[in-house]
Protein chains: 2
Amino acid sequence: MQERAKVTRRSLLEAAAQLFAEQGYAATSVNDISARSGRTSGAVYFHYTSKEGIAVAVVEDRFATWSQLAASYGDETVPPLERLVALSYDIAHALTRDPVTRAGARLWVERTVINAPIPDPFALWTAATTRLLAQARLAGHVNEGIRPARAARTLVPAFFGLCTLTEALENATALDNRLTDWWHLTLLSLRPQPSPGNLRTGR
Amino acid sequence: MQERAKVTRRSLLEAAAQLFAEQGYAATSVNDISARSGRTSGAVYFHYTSKEGIAVAVVEDRFATWSQLAASYGDETVPPLERLVALSYDIAHALTRDPVTRAGARLWVERTVINAPIPDPFALWTAATTRLLAQARLAGHVNEGIRPARAARTLVPAFFGLCTLTEALENATALDNRLTDWWHLTLLSLRPQPSPGNLRTGR
C-alpha cells in the first residue's frame with residue numbers, strides 16, 4: 001500500500017510535469033493532470049493538496065535541487081575547470097531533454113502567475129561555480145585576476161539566459177553549439193595570461 | 001480632437017505599463033487600467049480592442065523596438081566596442097528604471113500566458129552586436145579568432161539573462177555592478193591577444 005501510494009504520487013508528478021512543460025502552468029488544470037495520469041482528480045488533491053502544491057513538487061523534484069549534480073561536482077580526479085564545463089553541459093541537457101527539469105524551469109519563469117513560492121537552484125549553482133573557480137585558480141588553471149565569487153555571480157545568470165533564450169529564439173537542439181561557443185569565449189577570459197617569460201623561451 | 005485622442009491613448013498605455021510592470025499580465029484587468037488612468041474601460045477597448053491589444057502595444061512601444069538605440073549605435077566618432085558597451089548600459093538602465101520598458105520585458109517573459117504574439121528585440125540586438133563586433137575586429141580592437149555573428153548569438157542571450165536574473169535574485173540596483181563584472185570578463189576574451197613581439201620589447 002505504501003509502495004502503491006508512492007507509484008501513484010510519482011505518476012501524478014510526471015503527468016503534471018509533462019503538461020507544465022508543454023503548455024505552462026496557467027493552461028494546465030487538475031483535470032488535465034488526472035486525465036494524463038489515468039488517476040482521479042481526488043488523487044491529485046490527496047497527494048498534493050492543490051495545483052500549486054504539485055507545481056512546487058515538480059520544481060523541487062529536479063530543477064531546484066539537482067541532487068545528481070553533487071556526484072560529478074565532487075569528483076576530485078577531474079580538474080575543477082573541466083568539472084565546471086561538464087556540469088554546464090549536464091544542466092543544458094537536462095533543461096532540453098528531461099520533462100521534469102524542463103517543467104521546473106518553465107514554472108520558475110512563470111512563477112509570477114503561481115500563487116506559491118517557487119524555489120530555484122541559483123544559489124546552489126553560484127556556490128558550486130565559486131568553489132570550482134577557486135580550486136581552478138589555486139591550481140593555476142584560471143588567471144589570478146579572476147575573483148571566483150564575482151565571476152560566478154555573472155556566469156550563472158548569463159548561462160541560464162543562454163539556455164532559456166536559445167531555446168526560445170532558436171530551438172533546443174541549437175543549445176549544444178551555443179554553449180560550446182559561449183565556453184570558447186568564457187575560457188579565453190578565465191585562462192592564465194601568458195607571461196612574457198614563457199613566450200620568450202617559446203614554451 | 002486628434003490631439004486629445006493621442007493623449008488618451010498615451011495615458012492608457014502608460015497606466016497599463018505601470019500595472020503590467022508591477023503585477024504582471026494575468027493579475028491586471030482592463031478595469032485596473034481604467035482606474036489607474038482615470039479613463040473609462042470603453043476607452044481601453046476603443047483604442048486597443050482588448051487587454052492583449054494594449055499588452056502588445058506596450059511591448060512595441062519600447063522593449064521590442066529600442067528606436068532610441070539607433071542614435072548611439074550609429075555614432076561613428078566613438079570606437080565600436082565602446083558603443084557596444086555603452087548600449088548595454090543604456091539597455092540595462094531602461095530595463096531597471098523605465099516602466100514601459102520594464103513592462104515590455106515582463107510581458108515577453110510572460111508571453112506564454114498572453115493570447116497574442118509578443119514581439120521581441122533579440123534579432124535587432126544580435127544584428128547590432130554582430131555589426132559592432134565586426135567593425136571592432138576590422139579596427140584591430142577585437143582578436144581575429146572572434147566570429148562576430150557567433151559571438152553575438154551567445155552574448156545577447158547571456159546579457160539578457162544577466163539583466164533579468166540579477167533583478168530576480170538580487171535587485172535592480174545590483175545590475176550596474178554585475179554588468180561591469182560581466183564586461184570585465186567578456187572584454188578579456190574579446191581583446192586582441194598580445195603578440196610575443198610586443199611583450200619582448202616591453203610595449
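**Figure 1. The largest cavity is lined by residues of chain A and chain B.** This is a predicted model. The lining of the largest cavity counts 13 residues. Nearest the cavity centre lie L155(A), W182(A), T186(A), W182(B) and T186(B). The space inside is about 110 Å³. Four helices each give at least two residues to the lining: α9 (148–169) and α10 (175–190) of chain A, and α9 (148–169) and α10 (175–190) of chain B. Eight lining residues are nonpolar and five are polar. No charged residue lines this cavity. In total, three cavities reach 30 Å³ or more.

**Figure 2. The largest pocket draws its lining from both chains.** Its volume is about 1000 Å³. The lining comprises 37 residues. W108(A), V109(A), R111(A), W108(B) and V109(B) are the closest to the pocket centre. In chain A, the elements that supply two or more lining residues are α6 (80–97), α7 (99–109) and α9. In chain B, they are α7 (99–109) and α9. By class, the lining holds 20 nonpolar, seven polar and 10 charged residues.

**Figure 3. Chain B lies on chain A after a turn of 180°.** The shift along the axis is 0.0 Å, and the RMSD of the overlay is 0.0 Å. The two copies are therefore related as by a two-fold rotation axis. Both copies use the same surface for their contact. Of the contact residues of chain B, 100% recur in chain A.

**Figure 4. Chain A is built from 11 helices and zero strands.** Along the sequence the pattern reads α-α-α-α-α-α-α-α-α-α-α. The C-alpha atoms of chain A fill a box of roughly 75 × 35 × 25 Å along the principal axes. The chain has 203 residues, and 47% of them count as buried. Take the contacts in chain A between residues at least 6 apart in sequence: 68% of these join residues at least 24 apart.

**Figure 5. Two UniProt annotations fall on chain A, at residues 6–66 and at residues 29–48.** Both come from an unreviewed entry, the first as "domain: HTH tetR-type" and the second as "DNA-binding region". Residues 6–66 of chain A are 74% helix and 0% strand. The end C-alpha atoms of that stretch are 21 Å apart. Residues 29–48 of chain A are 80% helix, again with 0% strand. Here the end C-alpha atoms are 14 Å apart.

**Figure 6. T49 has a positive phi in chain A and in chain B.** T49(A) has a phi of about 70°, although T49(A) is not a glycine. Most residues other than glycine have a negative phi. T49(A) sits in the loop between α3 (41–48) and α4 (51–61) of chain A. With a relative accessible area of 62%, T49(A) is exposed. T49(B) also has a phi of about 70°. The loop that holds T49(B) runs between α3 and α4 of chain B. T49(B) is exposed too, at 63% relative accessibility.

**Figure 7. Helix α4 of chain B packs through its buried residues.** The helix spans residues 51–61. Its buried residues are K51(B), I54(B), A55(B), V56(B), A57(B), V58(B) and V59(B). They pack against α1 (2–23), α2 (30–37), α3 (41–48) and α7 of chain B.

**Figure 8. V156(A) is a buried residue in helix α9 of chain A.** Its relative accessibility is 5%, so V156(A) falls under the 20% cut-off for buried residues. Leaving out residues up to four places away in sequence, V156(A) touches F122(A), W125(A), T126(A) and T129(A). One of these partners, T126(A), is 30 residues away in sequence. In space, the C-alpha atoms of V156(A) and T126(A) are 6.2 Å apart.

**Figure 9. T166(B) touches residues of chain B and P157(A) of chain A.** T166(B) is placed in helix α9 of chain B. T166(B) counts as buried because its relative accessibility is 1%. In chain B, T166(B) touches G161(B), N171(B), A174(B), L175(B) and R178(B), with residues up to four places away in sequence not counted.

Conventions. Residues numbered from 1 in each chain as written. Chains lettered and ligands numbered in written order. Predicted model: local features only at pLDDT ≥ 70, side-chain atom pairs only at ≥ 80, totals over all residues. Heavy atoms only, no water. Least-squares fit on C-alpha atoms with pLDDT ≥ 70 in both. Contact = heavy atoms within 4.5 Å. 1 Å grid on protein atoms, 1.4 Å probe; cavity = no way out; pocket = protein on both sides within 12 Å on 5 of 7 lines; lining within 4 Å. Points joined across faces, edges and corners; volume = space filled by probe spheres on them. Nonpolar A, V, L, I, M, F, W, Y, C, P; charged D, E, K, R; others polar. UniProt positions renumbered as here; feature names shortened; annotations may be inferred. Buried < 20%, exposed > 50% of the residue type's maximum accessible area, 1.4 Å probe, protein only.
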